Amino acid sequence: MENLTESRMTKREFLRFFGTSFCALSAAHLFGLPNALQAQIVKKGLIKTKLSPYFTSLEGGAIQCELCPRRCRVSKGKRGFCRVRENRDGNYYSLVYGNPCAIHLDPIEKKPLFHVLPSTTSFSLATAGCNFQCKFCQNWEISQASPEDVYNYDVSPELIIKKAKEMGAHSVAYTYVEPTIFYEYMADICSLGKKAGLLNVTHSNGFINQTPLRDLCKVMDAANIDLKGFTEAFYQELCGGELNPVLETLKTLKREKVHLEITNLIIPTKNDEMSVIKEMCLWIKKELGADTPIHFSRFYPLYKLKTLPPTPISTLEKARAVALSAGLEYVYIGNIPGHEGEHTFCQKCKKMIIQRTGYMVGEINVKGGKCKYCGKPIPGIWA
Ligand code: SF4
């Protein structure tokens, strides 16, 4: 999952830098509003709700949420696992519609999406809540929070699009926590964004049911999906989730022609077995295609995995070599600025076609979606 702050910032540094109301600070800066107006849009607690289109009614006023594979059964007055959906008199409501708690203008390289309009900015947002409980979550302060625990902004989809355009963003990104949990808000912004000529992009854990996913594919342009590991045991023990629905999401995104990239965060002793990484790469090649970009990302100790060391660079390099030898064509290393694995190389002429250092982009030698040197088509969205 994409970090809200610099990837290598520790929790202590994070809190010292931002304080407890980091979101309020970022929004105030972003919107450039006078103090009196800020007070009107920055609020603690619930602001508004929206009826979910994805639930079925059960006996006695209970409901079953149909949004993600958890399929929570929720009795009257209670909330689902993700903390942001509530059964009110037999109807199921999103509690975070129009109420993001994090808004940032990010380089699209931070998503990471390396094959989508390089060197542009993405207007990025999240609400509280998540449908996973990853022990290594970089954004646990908001992902493991209820809407009442954080500062939220009263920002309509229309205002999101207006501000994104004003600030020169080329895309809106649904990110930081699992965007499925604020699906209704995301879907409405997506529709408006399309009409306004903005791309819609997401960084997601892929844990979503097929019906809402296929509906979302009509308005989503690009997705980076976390493939956090390649065993059910990893998903159960480290994330409180399941692998198989994530694999189904990847196949659907491919089928629906949403530009797809994958992130695999390599955690020492947890998912760094090269034989499993090889198995994962072969699955990606067979099911999604050899030209699916994959990002092997460096883990830094935080949240509930503080006792583990950062991923050795040699481990990431071994994973990259395994992926390339399995036949994957665009294999990146993340969270190590300056590493050769950040650049894009043409698979035909082998020349460097996009140069990167961290989130900074240097030369871009992709013209009209093709390598400038040899004309090989490069997968992605380039204009
Ligand atoms: S979206 Fe939330 S409430 Fe719905 S099934 Fe998933 S975790 Fe449960």
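**Sheets, crossovers and cores in a predicted model**

Thr-56 stands opposite Gln-64 in strand S4. The model in which this pairing occurs is a predicted one. Strand S4 covers residues 63-65, and its pairing with S3 is antiparallel, over 3 bridges. Both strands belong to an open sheet of 3 strands, arranged in the order S3-S4-S5 with antiparallel pairing. At the edges of this sheet lie strand S3 (55-57) and strand S5 (73-74), each of which pairs on one side only.

The protein chain as a whole contains 11 helices and 21 strands. Of its 383 residues, 59% count as buried. Among contacts between residues at least 6 apart in sequence, 68% join residues at least 24 apart. The accessible surface of the chain comes to about 15600 Å², and carbon and sulfur atoms account for 52% of this area.

Strands of a sheet pair through backbone hydrogen bonds, either parallel or antiparallel. An open sheet of 8 strands, with mixed pairing, follows the order S8-S9-S11-S12-S13-S14-S15-S16. Strand S8 (102-107) and strand S16 (331-334) stand at its edges; each has a single partner strand, so one side of each lacks a neighbour in the sheet. On average, and with direction ignored, neighbouring strands of this sheet are turned by 20° against each other.

Helix H6 (residues 183-195) packs on the 8-stranded sheet, where it touches strand S9 (121-126), strand S11 (171-174) and S12. The direction of helix H6 makes about 170° with that of S11. Helix H11 (residues 313-326) also packs on this sheet, touching strand S14 (259-266), strand S15 (294-298) and S16. Between the directions of H11 and S15 the angle is about 165°.

Strand S12 may be considered together with its two partners. S11 and S12 run parallel and are joined by 4 bridges, and within this pair Val-172 stands opposite Asn-200 in S12. The connection also involves a helix, as S11, H6 and S12 make a right-handed β-α-β unit. On the other side, 4 bridges join strand S12 (residues 199-204) to strand S13 (residues 222-226), again in the parallel sense. His-203 stands opposite Asn-224 in S13, and the bridge partner of Ser-204 in S13 is Ile-225. A right-handed β-α-β unit is made here by S12, helix H7 (residues 210-217) and S13.

In a regular strand the side chains alternate between the two faces of the sheet. In S12, Leu-199, Val-201 and His-203 point one way, whereas Asn-200, Thr-202 and Ser-204 point the other way, and all are buried. Strand S12 is accordingly described as mostly covered, with 6 of its 6 residues buried.

Strand S15 offers a further case of a strand with two partners. S14 and S15 pair in the parallel sense over 5 bridges, and the partner of Thr-263 in S15 is His-295. From S14 the chain crosses through helix H10 (residues 274-287) to S15, and this β-α-β crossover is right-handed. S15 and S16 likewise pair in the parallel sense, over 4 bridges. His-295 takes part in this pairing too, its bridge partner in S16 being Tyr-332. S15, H11 and S16 make a right-handed β-α-β unit.

Burial in S15 extends to both faces. On one side Ile-294, Phe-296 and Arg-298 are buried, and on the other His-295 and Ser-297 are buried. Because 5 of the 5 residues of S15 are buried, this strand is largely enclosed by the rest of the structure.

Phe-296 of S15 also appears in the description of the interior. The largest nonpolar core has 95 residues, and those with the most contacts inside it are Phe-136, Leu-227 and Phe-296. Helix H6 supplies the largest share of this core, 6 residues. A second, separate core has 10 residues, among them Tyr-330, Ile-354, Val-366 and Ile-378.

Technical notes
Residues are numbered from 1 along each chain as its sequence is written. This is a predicted model: local features need pLDDT of at least 70, side-chain atom pairs count only at pLDDT 80 or more; totals for chains, interfaces and linings use all residues. Side-chain values use heavy atoms; hydrogens and water are left out. Two strands pair if DSSP finds at least two bridges between them. Helices (H or I, at least four residues) and strands (E, at least two) are DSSP runs, numbered from the N terminus. Axes are lines fitted to C-alpha atoms, for helices over the stretch in contact, and angles run from 0 to 180 degrees between N-to-C directions. Contact means heavy atoms within 4.5 Å. Buried means under 20% relative accessible area, exposed over 50%, partly exposed in between (1.4 Å probe, protein chains only). A crossover is right-handed if, with the strands pointing away from the viewer, the path from the first strand over the helix to the second runs clockwise. A nonpolar core is a set of buried Ala, Val, Leu, Ile, Met, Phe, Trp, Tyr and Cys residues joined through side-chain atoms within 4.5 Å. Accessible areas come from the Shrake-Rupley method with a 1.4 Å probe; for residues, only the protein chains shown count as cover.
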